Amino acid sequence: YGITAQQVSDYLSQNGARLIDVEVYQDGNGSTRFAVVMIPNSGDDATGWWWYYGITATQLGDYIDDNNGRLIDLDTYAHGGERRYACVMVSNTGDFARPWWYYYNVSPAFISQKLGENGARLIDIEPHSTTEGTFTVVMQRNTGSRRSAVSTPIFTSAAVGRSRTAQSAARSSAAPASVDG
């Protein structure tokens, strides 16, 4: 919390780690700061991975394609009046390969529909527009023995919004995106 991009990189190098979550925010002086969660990039958790911030929706799609990546964290925020994204992705190959999807600026009804259609579960959800009640989400196909125990959730923007009231987002007209792996 409260660290610069350079400090994030330094901590990652010092600890042989990779990110699993990143939050971007502006401090009281208008400087970009980060709160991150990292794990050792070793053993069963070792994989190729990337993180980006300050990128557009188009750049996000390009980075996913260029890296054959799978998003594990996707955040959106307004910076200088423009919609930006921060993300963490892993290589979607080998033991880390999964069918997955991401969508931005979507309603709770759309999310519920896609969870059912994709046989998926949410792995990340963030407010996209608090005024419109839309969200940015990453979902992954349900697999393994627990699959039958997972049902498609029904939720409202008010219920999700209560848990994320500290975050706000500006209006965006970006369309949903999907990646089938």
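**Exercise 1. Identify which members of the largest nonpolar core touch the most other members, and which elements supply this core.**

Solution. In this predicted model, the largest nonpolar core has 17 residues, and L19, F34 and W51 touch the most other members. Next, consider the origin of the core: at least two of its residues come from each of α1, β1, β3 (49–55), β4 (69–79) and β5 (82–91). Strand β1 provides four residues, the largest share. The surroundings of F34 may then be listed. Beyond its neighbours up to four places away in sequence, F34 touches residues including Y1, G2, I3, V22, V24, Y25, W51 and Y53. Finally, a core of 13 residues lies apart from the largest one, and L60, L74, M89 and Y102 are among its members. As a general background, nonpolar side chains tend to be buried together in soluble globular proteins.

**Exercise 2. Classify the ring pair of Y1 and Y25, and state which parts of the chain the pair ties together.**

Solution. The structure contains nine aromatic pairs. For Y1 and Y25, the ring centres are 5.4 Å apart and the planes meet at 15 degrees; planes under 30 degrees apart count as stacked, so this pair is stacked. As to location, Y1 belongs to the segment before α1 (5–15), whereas Y25 is in strand β1 (residues 17–26), so the pair joins parts that are 24 residues apart in sequence. The accessibility of the two partners follows: Y1 is exposed, at a relative accessible area of 76%, and Y25 is partly exposed, at 22%.

A further pair, W100 and Y102, is stacked, with 5.8 Å from centre to centre and 20 degrees between the planes. Both W100 and Y102 are buried. Ring pairs also join Y85, W100, Y102 and Y104 into a cluster.

**Exercise 3. Describe how β4 is enclosed and how β4 pairs with β5.**

Solution. Begin with burial: nine of the 11 residues of β4 are buried, so the strand is largely enclosed by the rest of the structure. Pairing comes next. Strands β4 and β5 are antiparallel partners over 10 bridges, and one bridge joins T76 to Y85 in β5. The hairpin of these strands has two residues between them, and G80 there adopts a positive phi near 60 degrees.

**Exercise 4. Determine where the buried residues of helix α3 lie around its axis.**

Solution. First, list the buried residues of α3 (residues 108–118): P108, I111, S112, K114, L115 and N118. Their arc around the axis is only 165 degrees, so they are on the same side of α3. The general principle is that an α-helix has 3.6 residues a turn, so residues three or four places apart point the same way. Just after α3, G119 has a positive phi of about 55 degrees.

**Exercise 5. Establish whether S129 and T136 are buried or exposed, and what their side chains reach.**

Solution. Take S129 first, which is part of strand β7 (residues 120–129). Its relative accessible area is 1%; buried means under 20%, so S129 is buried. The side chain of S129 reaches the backbone nitrogen of E132 at 3.2 Å.

T136 is located in strand β8 (residues 134–141). T136 is likewise buried, with a relative accessible area of 1%. A polar contact of 2.8 Å connects the side chains of T136 and H128. Setting aside neighbours within four places in sequence, T136 has contacts that include L74, T76, Y103, Y104, D124 and H128.

Note on methods: Residues numbered from 1 in each chain as written. Predicted model: local features only at pLDDT ≥ 70, side-chain atom pairs only at ≥ 80, totals over all residues. Heavy atoms only, no water. Buried < 20%, exposed > 50% of the residue type's maximum accessible area, 1.4 Å probe, protein only. Polar contact = N/O pair within 3.5 Å; in protein donor to acceptor, adjacent residues only side chain to side chain. Phe/Tyr/Trp six-rings, centres within 6.5 Å; stacked < 30°, edge-to-face > 60°. Arc of directions from axis to C-beta. Core = buried A, V, L, I, M, F, W, Y, C linked by side-chain atoms within 4.5 Å. Contact = heavy atoms within 4.5 Å. Pairing = 2+ DSSP bridges.
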